[in-house]
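Hi there,

Here is the structure I promised to send over. Please have it open while you read the notes underneath.

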Amino acid sequence: MPTYNYTAKNRSGQEVSGEVIADNSALALGKVRELGFEPDKIRAAGYEQPRERSRPIASSNSSAGRRFAENFIFPVSSGVPLKELAQFYRQFATMIQAGIPLYQSLTTLVNQTKNPKLKEILIACDKQVAMGGKLSDVFQHYNWVFSELQIEMIRAAEYGGGLDKMLLRIAGYLEQEMALRSMISRLTLYPKLVVFAAIMILGKSFFATLTPAFSLLIIGGMGKSDYTIMSYLWDTVFFIAIIAIIIFGIEAFCKIFLFQNEAAEEKYEEFKMRLPLIGKCTKGFALAKFGRAFGAMYEAGLPMSAAIRIGGNASGSKVIARATRKAVTETEKGAILSQSLRATGVFPPMVLDMLHTGEQTGNVDAMMTKVAEYLEGDAESRAHQSAHIFAAVVGLFVGAAVGFAVIRFYMGMGSQIQTNMNDAN
């Protein structure tokens, strides 16, 4: 029977490590939890970790460099785009359904895959399976490519069977995640274009001279000032670049240093969720991600506590993750899930009522999927409304600024004419 090394946290939050003996990693995970620990990593003893050539920053001894990579590099460039990952899961599921052995399926996928990072991972999987190991053990080493949800679902399939169905569930979940990301990008595009156009018209100089940069460019083109195209670029394009660098710097500082304190990040999220218009959209999308992840995990056959915890982490919100951890503690004591979540004060009544109905009918996964669909639709409507209101406000501000500059110009011209007439008399 194989031996598994683990690292976990005890009830005091301290990190502990040790070994357990189990038939597979899923049973090893259960044994660690039976010891009263919250597992962090489980890996087979003697398993050689795959080389991570595409992750040089994370291998650095600098914890700040690791956090920078995890927050800014891997989410943008993990080496395996979400679209290719979903396609990989569907191809893998099709081969398993066709009766092709796991080892042969992996060998075929290695030959078909063009993405170098995914090919590297599949080669490691191929070797691990040939040695009698588990896919989840390899995926665990590439946790910047495979989320906790994916790893746990694969681990559940390895323990309970039905790997092909589980692969299809993961592919479906990733496709829904791609659709959600695409929707958010589409909704935020219009306000971004409006802000960009406003800065290109007004420029930085407007806040000092109350004259739009575009007007100064026209005046300079007429030879009445020394305002050149380069001056206009400094006022607009370079001004946008400076703003972007400042925003990126603030975001990097918060994620790498400030938000290492979970309480500080929760306070920030609570503040963001209280903002008018955008706050409800942010919370709605986070709750929708929780609902989809929780429904997918529960449908996959994972225990209720594991499904809740992973769903909370998949929401991307520390506030929701903290609430789900509290709910897990209460449900393990025998409380009803909907009541435990209600006590946190984070989840809206509609979500809790639907969940309670699912508990009574035995269709928790279906109900949570319905909840996610409703929340996504509601958040999308609010986001549309917020985008149009924001764009209208910015447009009115630009229009008022240009109008003020025109009136100011003609008033100055009138004053000059009046002065000339008085001098002539």
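Below is what I found, starting with the salt bridges and then moving on to helix packing and the surface.

One thing to keep in mind throughout: this is a predicted model.

**Salt bridges**

The count comes to 11 salt bridges. A good place to begin is Glu177, which is linked with Arg181 and Lys289 in a network of salt bridges. Arg181 and Glu177 have their closest N and O atoms 3.3 Å apart. Both of these residues sit in helix α8, four residues apart, or about one turn of the helix. In the other pair of the network, the side chains of Lys289 and Glu177 meet at 3.6 Å, N to O. That pair links distant parts of the chain, since Lys289 belongs to helix α14 (residues 278-299) and Glu177 to helix α8, 112 residues apart.

How do the three partners differ in cover? Glu177 has a relative accessible area of 11%, so it is buried. Arg181, at 46%, is partly exposed, and Lys289, at 21%, is partly exposed as well.

Another salt bridge joins Asp378 and Arg382, with 3.1 Å between the closest N and O atoms. These two are four residues apart in helix α19, so about one helical turn separates them. Asp378 is partly exposed at 29% relative accessibility, and Arg382 is also partly exposed at 29%.

**Helix packing**

Two packed helices are described by the angle between their axes and the distance between the axes. Helix α3 (residues 82-97) packs against helix α4 (residues 102-112) at about 140°, with the axes 10 Å apart. Angles over 145 degrees would count as roughly antiparallel, so α3 and α4 are oblique to each other. The crossing of α3 past α4 is right-handed.

Further along, helix α16 (residues 318-332) and helix α17 (residues 337-344) pack at an angle of about 140°, and their axes are 9 Å apart. This pair is therefore oblique too, and α16 passes α17 in a right-handed crossing.

**Surface and a loop**

Which residues form a nonpolar patch on the surface? They are Ile201, Phe214, Ile218 and Met222, with about 380 Å² of accessible area together. Ile201 lies in helix α8 (residues 163-202) and is partly exposed, with a relative accessible area of 34%.

Finally, have a look at Asn363, in the loop between α18 (349-361) and α19 (364-424). Asn363 is partly exposed at 39% relative accessibility. Asn363 and Glu299 are 64 residues apart in sequence, and their C-alpha atoms are 9.2 Å apart in space.

Best wishes

Key. Residues are numbered from 1 along each chain as its sequence is written. This is a predicted model: local features need pLDDT of at least 70, side-chain atom pairs count only at pLDDT 80 or more; totals for chains, interfaces and linings use all residues. Side-chain values use heavy atoms; hydrogens and water are left out. Patches are made of residues with over 30% relative accessible area and no salt bridge: like charges are joined within 9 Å, nonpolar side chains (Val, Leu, Ile, Met, Phe, Trp, Tyr) within 5 Å. Accessible areas come from the Shrake-Rupley method with a 1.4 Å probe; for residues, only the protein chains shown count as cover. A salt bridge is a side-chain nitrogen of Lys or Arg within 4 Å of a carboxyl oxygen of Asp or Glu. Buried means under 20% relative accessible area, exposed over 50%, partly exposed in between (1.4 Å probe, protein chains only). Axes are lines fitted to C-alpha atoms, for helices over the stretch in contact, and angles run from 0 to 180 degrees between N-to-C directions. Angles under 35 degrees count as roughly parallel, over 145 as roughly antiparallel, 65 to 115 as roughly perpendicular and the rest as oblique. A crossing is left-handed if the near helix is turned anticlockwise from the far one by less than a right angle, and right-handed if clockwise.
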